[in-house]
Amino acid sequence: MILSLQNIEKSYGIKSVLKKINFHIEEKEKVAIVGINGAGKTTLLRIITGEETADSGNVVISKEVRIGYLSQNQDVSFSNTIYEEMLVTKRYLIEMNDRMRELEQLMKHAEGEELDALLEEYNILSTKYDRENGYAYKSEITGVLKGLGFTEKDYDRHISTLSGGQKMRIALGRLLLSKPEILMLDEPTNHLDMDSVAWLEDFLASYSGAVIVVSHDRYFIDRVSTKIVEIDAGVSTVFNGNYSFYASERAAIRAAKMHAYMNQQQEIKHQEEVITKLKQFNREKSIKRAESREKQLAKVERLEKPSEYKAEMRLTLTPSNLSGEDVLSVTELSKSFGELSLFKDLNIDIKRGEHVALIGGNGTGKTTILKLIDHRLTKDSGHITLGSRVKVGYFDQEHHDLSPEKTIFEEMSDSFPDLNNTRIRNVLAAFLFTGDDVFKKIKELSGGERGRVSLAKLMLSPANFLILDEPTNHLDIQSKEILEDALSSYEGTLLFVSHDRYFINKVATRILNLSNKVLTNYAGDYDHYLQHKDEYFRLQHPELCGAGGTTTSANSGNTSVNTAEIGGPVTAAAQTLAAGSKEDFLRFKAEQAAMKKRENDIKKLEEKISDAEEKLTEIDERFMDPSIASNAGALADLSKEREALEASLQEMYEAWETLSE
């Protein structure tokens, strides 16, 4: 065991984020931490690194274990070229090699003990240099750069000229090359294209150290992880397996947790009702019994309600009008930005009801194609024709369709002035904006919240052709699954860009891959694309294949993926009485009769208790009667009567509590 987390708790003010986090990690183990947005996943990573301090609990790290951490807000202010920055991670090997060369020169002129000492140092350094892969560190650097999508032409580019996403890839590359014993990655696939993600999956799966990842990419988690740690309501649950195993187990576990929670809530409510009733009897012993129950109830460790799927966010996207059979025709489309030619002579044909995924490497022009179709950019040449009765709804990953200064409600009501407040409120509630949430300004929202507002606008629009640019960005896994269900059953037409391979697999009926400035068509889902991508490319673009038909396109990268079904049961089986079963019917009637009898017995017992308490009150009043107070025999008889009544009342209290249980 190289890392152990023991009863970690963390709060911010009155908000408790982490309540009971317990798990450990062995050498070479690959762990994925999952949970809804806001569950505390990133907070937990920061506690492990020491960037934040837990309120209680322990983080135990083995001696001489280095932790490498790639955060979502990584410092990327590097001052070198790309290759020089990678070389920094191997500086110790360069210095080691320099010292070895120096020792070689010194040994030429040394003798005796001096030579022995130099030779011993040289042997130690040589062994370490070999063990640290010193003779192949340059190949290691170029392999990582290539895997992350950089070409040899990029090596001399200064990092200050790179985009934010490219800088994050440099930070990831540096971390991978430094080879810490524990590698922690927070959303590492956010800035990678599909080929780079596939390469990273292979790299991490064979990584010699332990890996901890936080990611919303289910395909990625499935291929990398050997253990899943779910954070739900601040409590951790460990699943020993990959994401597919976790997904199949999750529903059953959550159902069991919910069942236990509901049972406890029912028992707590019952005990509170018993306590209230005992106090209403208003006798010293009944009050003591109530106080005793209150103390026992206070000791009960209350179960947290498990986070439920957002059952209320069941999206139904139904086009108000049906388009014609031909939805989109694109012919000979070309686009350049200055000297950079993205593509030329592209042809796209989309029919009604098709769900088409447009995929390809970063910077190939996928988003540009979407913007050209929606006339948000001007094409260089070609023709874009929409079919009859086609109404386009566009989802922009940067959410330019939203006004930052408006509230959510204003954004919706201004966009759809004909809708009444109730209709707008209902739609926003479907996207998890309820109560005062609707009065938040757009500029105050997270990326995921803005995405939900944009999706809500799409839902109200009369569109029958949805163009979506990375619709799952910033959504947690549960929200992705809900959106997938809505789009999978959408009767209109879809054209979307996404890096989420599971989302593509679930929603797409056809795939267009943009690489080498050309489009390749694949009928089917993402799994079908993986199985046939090189074959289809050769068939459709023989002019881009070398002699013998080998592909020279940028379709490299690992294609071995786990295509097992990711999901699992999300509904619990309900047991019902068989209407035609006489035995079940009789048993049901008997249970109903027993329940009614118990209720009647409780009612009769409460009446007896009330009568007994009244008699006790009468006896206590008779003790105050002067004629009895001065009569020793009468006092003795009255005391015996009171003791017998107290004993009877005590038995009735116990019987009442037993029946109430």
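**Two helices and a three-stranded sheet**

Modeller: In this predicted model, Ile408, Phe409, Met412 and Ser413 of helix α12 meet Asn421, Ile424, Arg425, Val427 and Leu428 of helix α13.

Colleague: What makes these residues count as meeting?

Modeller: Contact requires heavy atoms within 4.5 Å, and the named residues of α12 and α13 are in such contact.

Colleague: How is the contact of α12 with α13 composed by class?

Modeller: It has six nonpolar, two polar and one charged residues. Arg counts as charged, so Arg425 in α13 is the charged one.

Colleague: Why is α12 called oblique to α13?

Modeller: Helix α12 (residues 408-415) and helix α13 (residues 421-430) pack at an angle of about 125°, and their axes lie 10 Å apart. Roughly perpendicular covers 65 to 115 degrees and roughly antiparallel begins over 145, with the rest oblique; therefore α12 is oblique to α13. The crossing in which α12 passes α13 is right-handed.

Colleague: What is the strand order of the open sheet?

Modeller: The order of its three strands is β11-β10-β13, and the pairing is antiparallel.

Colleague: Why are β11 and β13 called edge strands?

Modeller: Strands β11 (340-351) and β13 (381-386) each pair on one side only. On average, neighbouring strands of this sheet are turned by 15° against each other, direction ignored.

Colleague: How do you know that β10 and β11 pair?

Modeller: A pair needs at least two bridges. Strand β10 (residues 326-337) and β11 have eight bridges, in the antiparallel sense, so they qualify as a pair. Opposite Ile350 in β11 stands Leu328.

Methods
Residues are numbered from 1 along each chain as its sequence is written. This is a predicted model: local features need pLDDT of at least 70, side-chain atom pairs count only at pLDDT 80 or more; totals for chains, interfaces and linings use all residues. Side-chain values use heavy atoms; hydrogens and water are left out. Helices (H or I, at least four residues) and strands (E, at least two) are DSSP runs, numbered from the N terminus. Axes are lines fitted to C-alpha atoms, for helices over the stretch in contact, and angles run from 0 to 180 degrees between N-to-C directions. Angles under 35 degrees count as roughly parallel, over 145 as roughly antiparallel, 65 to 115 as roughly perpendicular and the rest as oblique. A crossing is left-handed if the near helix is turned anticlockwise from the far one by less than a right angle, and right-handed if clockwise.
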